[in-house]
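Work through the following exercises with the sequence and the model at hand, and attempt each task before reading its solution.

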Number of protein chains: 2
Amino acid sequence: MNRTILLIFTIILLSAHHIFSADHPSLIITKEEATQIKASMGKLPLLNRSIEMIKKTVDQAMTKPMEVPQPGEAGGYEHERHKQNYREMQQAGILFTITGEEKYARFVRDMLLEYARLYPTLGKHPLAHNQAPGKLFHQMLNETVWLTYTSMAYDCIYDWLDQATRDKIEKNVFRIIIDWFITENHHEFNRIHNHGTWTVCSIGLIGYVLNDQNLVDMALYGTEKDGKGGFLKQLDLLFSPDGYYMEGPYYVRYAMRPFFFFAEAIERNQPELKIYDYRNQILKKAYYSAVQTTFPNGVFPPINDASRTMDIKDVGVVLANSLVYSRYGADPNLLAVAEIQNEVLVNGLGLKLAQDYTNTKNIPDMNWGSIEFTDGYDGNQGGLGILRNGTGDSQSMLLMKYGVHGEGHGHFDKLHFIFYDQGREVIPDYGFSRWINIEPKFGGRYLPENKSYAMQTIAHNTVTVDQTCQNNFDRKQADEMSGERHFFNATNPNVQVMSARADDYYPGVKMQRTMLLIKVDRLDYPVIVDLFRLTSDKMHTYDYPIHHRGQLITKNFEYQAYHKTQQPMGEDFGYQHIWNEASAQVSESPKITWLDGNRYYSLVSAAIPQTEIIFGRTGANDPNFNLISEPMFIIRHQAQNHLFATLIEPHGYFNEAREQSDNARGDIFDVKVVGHNNEGSVLDVLGKNDLHWRIIVNNGKASEREQHSVVFGGKKYSWTGNFKVDLEVK
Amino acid sequence: MNRTILLIFTIILLSAHHIFSADHPSLIITKEEATQIKASMGKLPLLNRSIEMIKKTVDQAMTKPMEVPQPGEAGGYEHERHKQNYREMQQAGILFTITGEEKYARFVRDMLLEYARLYPTLGKHPLAHNQAPGKLFHQMLNETVWLTYTSMAYDCIYDWLDQATRDKIEKNVFRIIIDWFITENHHEFNRIHNHGTWTVCSIGLIGYVLNDQNLVDMALYGTEKDGKGGFLKQLDLLFSPDGYYMEGPYYVRYAMRPFFFFAEAIERNQPELKIYDYRNQILKKAYYSAVQTTFPNGVFPPINDASRTMDIKDVGVVLANSLVYSRYGADPNLLAVAEIQNEVLVNGLGLKLAQDYTNTKNIPDMNWGSIEFTDGYDGNQGGLGILRNGTGDSQSMLLMKYGVHGEGHGHFDKLHFIFYDQGREVIPDYGFSRWINIEPKFGGRYLPENKSYAMQTIAHNTVTVDQTCQNNFDRKQADEMSGERHFFNATNPNVQVMSARADDYYPGVKMQRTMLLIKVDRLDYPVIVDLFRLTSDKMHTYDYPIHHRGQLITKNFEYQAYHKTQQPMGEDFGYQHIWNEASAQVSESPKITWLDGNRYYSLVSAAIPQTEIIFGRTGANDPNFNLISEPMFIIRHQAQNHLFATLIEPHGYFNEAREQSDNARGDIFDVKVVGHNNEGSVLDVLGKNDLHWRIIVNNGKASEREQHSVVFGGKKYSWTGNFKVDLEVK
């Protein structure tokens, strides 16, 4: 063969790459990467651990009889078995690619042949609940995950299989499932939603493996290939321009896998699409906006339907961390993420992360600073604000939610806040009402209490009006609205402010919440100042709730305890689930102190005549013990226009084992509303040793420069911009 | 000077040692030890850390103005200041001895002179509550601790002071306080109780320092020096022959300091007393019996009035560990204790422990195995049984209490059990009702709910009769009785059994509880089998409670939930503090599964016709929110003679963050009582995959060898000894 012919041959081969895709595997790992990984084994702790975990799972699986059972119920044994099977197949595929040991390829092949026997016999799963059904699983969602993983497994052993076996598997499994997705369930396929992402990912992956560009194109552009559905449209609509995912961090964590598995496969098979640059690098932004919402311990804030414990160790975040680190330039912050994860993706990109991790001497604490995200695909639908002070374990974090509803998993919680301190949520979000995957608890699915309590406004730390729910619990109505950003300023780390609005979530009621995180030397920890202002042309009952997890220590008012008989606070909108433990009528500034962990928390609220304070606890109307028993208190006031002005001070120290208690009462003793109108609110904060702060907030149009003044009680208060904080009032 | 004269001189000096005790310091550390410590500094991590902690405290104290305030209220600022002062003086004394830096001596001297100004002006503290009063503190107990520490501080700077200063301090502080203790409060002095121990310790120590043997003798033998009071009598009466302390582990932890500070001072100043050998080395046994009751994480079981978190890091246990390790021969188990403590006593004995720790390559996990302690000074008043299975974090521990009441801090909880699993109590003791040292919570003192709930029988995991309390809550009556050991057998680590009796704690009712901890390969974890047998000649209502901290997952019976209105379970004996959440009538074997942490727990109880099951939660009749809200369930049955036969199975795995749930239902599904009489009880346990166990327990006189047989349902069951467990019934 002379050189010219060789050259021509090479050109044909190269250009043919996308025509008959002779190279397998190509989705997430190549043979070259496998060789490099093999050469690095034993040298890189993160990579070693990742491979060892895979090896342990697969080797253990191979000691047991293979099981491909008939479909079963959600969360049941068969359901879990099929999930375990796709994980084991994918991991065995990776091990075969790296080690070349044929036992792993045989494991994948044999299991695929089992599925080739079973799959053609299956119809629609009989236990689908208002969801697109699968065949192996009750919902098609699980089936798309199955196909995503199985495609990667098949990719790894494709070259090793003989053609007859490939034909058998493709005919009896893949072609049936593809048809099920694109023909029978094209609605799910084209949906702009994480279920849609999983669907197009799975079809895109198997498309590349089978060298069926038609499938890939459908995955990219929708079944009609008109761009109205498909992966790119999802990238356009599911994220704000900042990358914030409209369903919230718990869901983007779940969506990371289909987004990044498919993106990586596209990058490897159709690099000309420049998928990682698409929409100004939206995939990078999506990843960062997910990890940047996390608490300092790596747990995602449980916004919307979410567990309280999901964290960045999740497999999707591990995957994305390796890809984003290598595809977008090596950000040391992502080494901090990898340190918490203690794991990398097993491919060439994970290898790079593991190498850099090993070569970096001082991995920093994960710290994202204060940050605001816009919400909505256009970035004009409110947002999410996060104020942080301190580092590592001693970081305080205050999060306020003022974006979109978030569709079916959204909670009716506009202007809700979460406060994280001492390494955990101390003013928490309830999260979902679901014992996820616990089969005896309603099959591990969402419980009725998710709708009757967890989604309701009163389950959150935001004001309810007339003891009802925002949008009257109408999701469609809620999806059409959003909160509104007002201003966000974290320039001064010791005086950080965010402010947002939510109008007509209750008809005719306008709400503005401004939250400050203030740190001064004379107080033990950063404190929260909260100005929640409501205006309306009618009288309403406004309930300002604070959920917590501690023990009441003291208060400065008398109350009536309902300690001999206890009844729910109401009939509907979540109030039916709250036992009314005590109530008080107060006119002076109420102060409540509770203990949580090793720290005390005091809330001081401005005095308002005829205010009621209610102590509650979840658990009423819960005959199945589905709810978690947790305390709260509620400040209730009837008015047209009202400003709830409160300060929350973490203070002191308690250590039961060492029998030590310091500063159990706190330093702040009063909050006074000087006045508030549509121009501004003026607040005084008073504490021990002549502490006197004055806080002014702009209630009008946001502007950094505009000059304002208001007159209250004959006195003029002036300021420039959106707020003014004087920590040394003379 | 010729040699003879020198010799005579030396003899005089040596014999004079106990006459005028020229050597200071002599209580806990000598100059020679200080020299050795100085030479070891920087080499031994445990010692370094211990010295660093002391140095940090004292150096920080020395930057602030010295404060010796007027007396204040319990738990208040002044109270805490005086406590901090004695700690700082003692630690400054140690630092002066080791480093020779005079700033530390001056610190002690100046503070003592402040006390010399204040103390003569003080009378009896006005806020004493039914307690012997102090002058600086509301109770004399604190004052004895003050004197104990201050004596050690004075000992360290004694030689450095001039005589005039000594005279001033002794006259204006020590002689007044001594007189206060031995004259005004000789009742407290001679009391056989931890308050008495602190008193004699403080007087003994100051006696040695002042070279006042009369004081030392009173400390040893009582104010009358007749041996009816004093340290030796306390060693005789406060411990069982096994060393078990009648008030329980939380209190022996507190009493360690006076026992060991004084013992060590005696050993150094009057070695001829051989105090460490006294009563067959009772001090050694006392120490071991304390640490051997701890959970695997080093936390003391909260028996009687005790916090739930006190652990072996407590200063008294650190002290005792160093002394016992060195005085009684180097036990490697105590290195494991030191590892948890991460600290040693700063003297020559702590130095030895720190050296051995550094030189030992593999420090074992702390593991005391299964063990039984006798109770009562004569060892004939019941006891405490502990069964353990597994090691380290995965250890299961089952503790049953059947000893004496324990005087004023005793709980009415005979035959109560605690189950520890997953690194914490999963079937817990409530401990005390007290927010210790939290001033706004009743001054940090015991709350009224300590008597109305925490001490009551229903607050414990033992049967109540007719919804009342053992001994009708009469402490004096309770102190006159005790539980009775029946048998204890931990020979086979996989089938361990303990059995005990408590008769007439309810008049006319005899109770026997037999608990087994059984581990078999086919079950995930060790399980508890519990046979609680009650006999009486009258009908009674028997309530069998299980307290837990988890979430109800499932049950195999229908119940009536009181979810729209909730009322207390009763009017008295603790029942008034329990909300009645639901109740059921069951006839089949009830099974209840709850989730706690990462594990499920199922209780299966033998079927009994007309049995009621009640779900409760603490918090009723608690207008001050003093109680901790925790769930329980109660199996209620009316009978004359009854055997509660239950099995508690920990099983499966739940990880919310990883969305994983395995084996949420457990394997055991039935427990059947074949029969029970005064000879024996026969029980069958049934589970999945034909699991069938038969358990036979001897209800007659305990004997390892005697042959027994009973006939139930026409069938004969025979066994030898106290029990028979067949794990493979054909």
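Helices (H or I, at least four residues) and strands (E, at least two) are DSSP runs, numbered from the N terminus. The model is a predicted one, in which local features need pLDDT of at least 70 and side-chain atom pairs count only at pLDDT 80 or more, whereas totals for chains, interfaces and linings use all residues. Residues are numbered from 1 along each chain as its sequence is written, chains are lettered from A and ligands numbered from 1 in the order in which they are written, and side-chain values use heavy atoms, with hydrogens and water left out.

**Exercise 1. Backbone geometry**

Locate Asn621(B) and Asn280(B), and decide whether each is buried or exposed.

Solution. Begin with Asn621(B), which is found in the loop between β18 and β19 (631-639) of chain B. Its phi is positive, about 50 degrees, although the residue is not a glycine. With a relative accessible area of 13%, Asn621(B) is buried, where buried means under 20% relative accessible area, exposed over 50%, and partly exposed in between (1.4 Å probe, protein chains only).

Next take Asn280(B), another residue that is not a glycine and yet has a positive phi of about 50 degrees. Asn280(B) belongs to helix α13 (residues 278-291) of chain B, and its relative accessibility of 61% makes it exposed. As background, most residues other than glycine have a negative phi, and most peptide bonds are trans.

Now find where a cis peptide bond joins His24(A) and Pro25(A).

Solution. This bond has an omega of about -10 degrees, and Pro25(A) sits in the loop between α1 (3-20) and α2 (31-40) of chain A. In chain B, the peptide bond from His24(B) to Pro25(B) is likewise cis, with omega near -10 degrees, and Pro25(B) is placed in the loop between α1 (3-20) and α2 (31-40) of that chain.

**Exercise 2. Cysteines**

Establish how many disulfides the whole structure holds, and why Cys156(A) forms none.

Solution. Apply the criterion that a disulfide is a pair of cysteine sulfur atoms within 2.5 Å; a search over all chains then finds 0. For Cys156(A), the closest cysteine sulfur, that of Cys201(A), is 14 Å away, which is too far for a bond. The sulfur of Cys156(B) is also 14 Å from its closest cysteine sulfur, in Cys201(B), and therefore too far for a bond. Both residues are buried, Cys156(A) with a relative accessible area of 7% and Cys156(B) at 6% relative accessibility.

**Exercise 3. The interface**

Describe the interface of chain B and chain A, starting from its contacts and ending with its polar pairs.

Solution. Count contacts (heavy atoms within 4.5 Å): 55 residues of chain B touch 55 residues of chain A. Then turn to buried area, the accessible area (1.4 Å probe) that two parts lose on being put together, summed over both; between these chains it is about 4,500 Å², with carbon and sulfur atoms giving 51%. Phe625(B), Glu656(B) and Glu659(B) supply 16% of the area that chain B buries against chain A, more than any other three residues.

For charged pairs, a salt bridge requires a side-chain nitrogen of Lys or Arg within 4 Å of a carboxyl oxygen of Asp or Glu, and the interface has 6 of them. One salt bridge is between the side chains of Asp311(A) and Arg658(B), at 2.8 Å from N to O.

Finally, polar contacts are pairs of N or O atoms within 3.5 Å; within protein, one must be able to donate a hydrogen and the other to accept it, and residues adjacent in sequence count only if both atoms are side-chain atoms. Across the interface, 30 residue pairs meet this rule, both at pLDDT 80 or more.
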